[in-house]
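Let's take a friendly walk through the packing of helices and the pairing of strands. Keep the structure open alongside the text as you read.

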Amino acid sequence: MKRINNSVIALSLFVGVANANAQEKKTLSLDEAVQLGIQNSKNLKIDAAKIEEATADLLEAKNKQLPELKVSGSYMYLPIKPNVDIKLPGLSGGAGGPEIHQVLYGSANLSVPIYSGGRIKYGIQSAKYLVEASKLSTENDKIAIAYNVAQAYNNLFKANQSIKVFEENLAASQKRDETFLKMENNGLIARNDRLKANLQTSNIELQLLEAKNNYNIANINMDLLLGLSETTELEVDQNYIEEGSEVKPVVFYVNEARENRKDLQALAQQRKAAELGSKAAKAENLPSLAFTGGYVAADIPKFLTVYNAVNVGIGISYNLSNIWKENSSLKQSQAREKQLAATDELLNDNIKLDVNREYQNTDYSKKRIAVFEKSAEQANENYRITKNKYDNGLATMTELLDADAAQIAANVGVINAKADAALAYRKLLQTTGTLTIK
């Protein structure tokens, strides 16, 4: 019997440890959640690859200003005796010439660009602008991710707070049901009134179940967003809802957006790159000049040996077909400039719209808090008065239950209003490009 008891205890301990490991709990502040979200963002990994690609393009552009050195060599075997006819005086060729069965040849050629119409210089500068544009786009994505994490964090907080309110009210409602059951048994209230109270308790239970379901969904979404195991139960820090500072005039935020929006700055870099692309396209109609040098060595056994054949000079190249061909690269680059200019105008208009919209939303959200707090104060006082009336036989059960339901809704509304106001302020900062990432 003792052995059986020991086995049961061991099994219970094992199950307890397994359950503890299955659901890991983790407390995160909003700033910590944002950092995790940025570290594990798939979009930022794509952005990092784009920066590497742009950096490689810059390296390619810089390589074009470096010397080109090419070395070649060959060995040829001649199975059939060639006919060699040398026209120099004193030398004879033809059938009586030397036996030639192999040829060795090697050369080295050096080319150093001197002038290319500015194509190399413009290409390097353009590539630098595009690298900077890629980095700015990444910063813009980081700000967007910071807001997305804040939004998910806010949803988790609201769901968690709703659960707490419903649990408190459910406990109070269940306690009231016990009291009403005793009162019914003593003939103090009708059974119908007790059943109304039970129905109210059931409604609160349903609301609690819905809140828990919303919390579980929000928790899984947050886990995936932060790169955590979906079994991790997150606990949020509710102090973040007090973060919103005093809202300044809308003009301030519009000016902030013009100065700090990373997507606007990235577009400016792209426009500079496109402008240089047009200059490089024009340079295609100009000749190229380069310093050249070379070395040649050859060996034809029993006939000819050449070594130390060094040459230096200047080479010029010009594509004569440019005279009658239209410069399509220039037209493409100019079209790109027009496209980016129009995009810049559109983006500026959208920024004004976004900032003004989120400014209005922030102002509206802050005003909602005062209204909900007043509503909650009224609901709580109304319930207190109704409860006193009911206890003195001056109010019906229906009036009491309605007052209780209104109190629950008002208290949940205050919490949600504060959370929504904090999130709205963060959205405003995102549209101005000033949402901080600590």
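## Helices α7 and α8

At what angle do helix α7 and helix α8 pack, and how far apart are their axes? In this predicted model, helix α7 (residues 262–282) and helix α8 (residues 328–391) pack at an angle of about 165°, and their axes lie 8 Å apart. Angles over 145 degrees count as roughly antiparallel, and therefore α7 is roughly antiparallel to α8.

The crossing in which α7 passes α8 is left-handed. By class, the residues of this contact divide into 9 nonpolar, 8 polar and 7 charged.

## Helices α2 and α4

Now turn to a second pair of helices. Helix α2 covers residues 30–39 and helix α4 covers residues 119–185. Their axes come within 9 Å and cross at roughly 130°, so α2 and α4 are oblique to each other. The crossing of these two helices is right-handed.

Which residues of α2 and α4 meet? On the α2 side they are L30, A33, V34, G37 and I38; on the α4 side they are K142, I145, A146, V149, A150 and Y153. Sorted by class, the contact of α2 with α4 has 9 nonpolar residues, 1 polar and 1 charged.

## The four-stranded sheet

Strands come next, with a general reminder to start. Strands of a sheet pair through backbone hydrogen bonds, in either a parallel or an antiparallel way. Here, 4 strands form an open sheet in the order β2-β3-β5-β6, with antiparallel pairing. At the edges are β2 (68–77) and β6 (304–317), each of which pairs on one side only. From one strand to the next, the twist averages 15°.

How many bridges join β5 to β6? Strand β5 (residues 288–300) is joined to β6 by 12 bridges, and the two run antiparallel. If you would like a place to look, I300 stands opposite L304 in β6.

## Strands β1 and β4

Do β1 and β4 pair in the parallel or the antiparallel sense? Strand β1 (residues 25–28) and β4 pair in the parallel sense, over 4 bridges. Within this pairing, K25 stands opposite E233 in β4.

Strand β4 (residues 233–236) also has two faces worth viewing in turn. L234 and V236 make up its covered face, whereas E233 and E235 make up the uncovered one. E233, the residue opposite K25, thus belongs to the uncovered face of β4.

Key. Residues are numbered from 1 along each chain as its sequence is written. This is a predicted model: local features need pLDDT of at least 70, side-chain atom pairs count only at pLDDT 80 or more; totals for chains, interfaces and linings use all residues. Side-chain values use heavy atoms; hydrogens and water are left out. Axes are lines fitted to C-alpha atoms, for helices over the stretch in contact, and angles run from 0 to 180 degrees between N-to-C directions. Angles under 35 degrees count as roughly parallel, over 145 as roughly antiparallel, 65 to 115 as roughly perpendicular and the rest as oblique. A crossing is left-handed if the near helix is turned anticlockwise from the far one by less than a right angle, and right-handed if clockwise. Contact means heavy atoms within 4.5 Å. Ala, Val, Leu, Ile, Met, Phe, Trp, Tyr, Cys and Pro count as nonpolar, Asp, Glu, Lys and Arg as charged, and the others, Gly among them, as polar. Two strands pair if DSSP finds at least two bridges between them. Buried means under 20% relative accessible area, exposed over 50%, partly exposed in between (1.4 Å probe, protein chains only).
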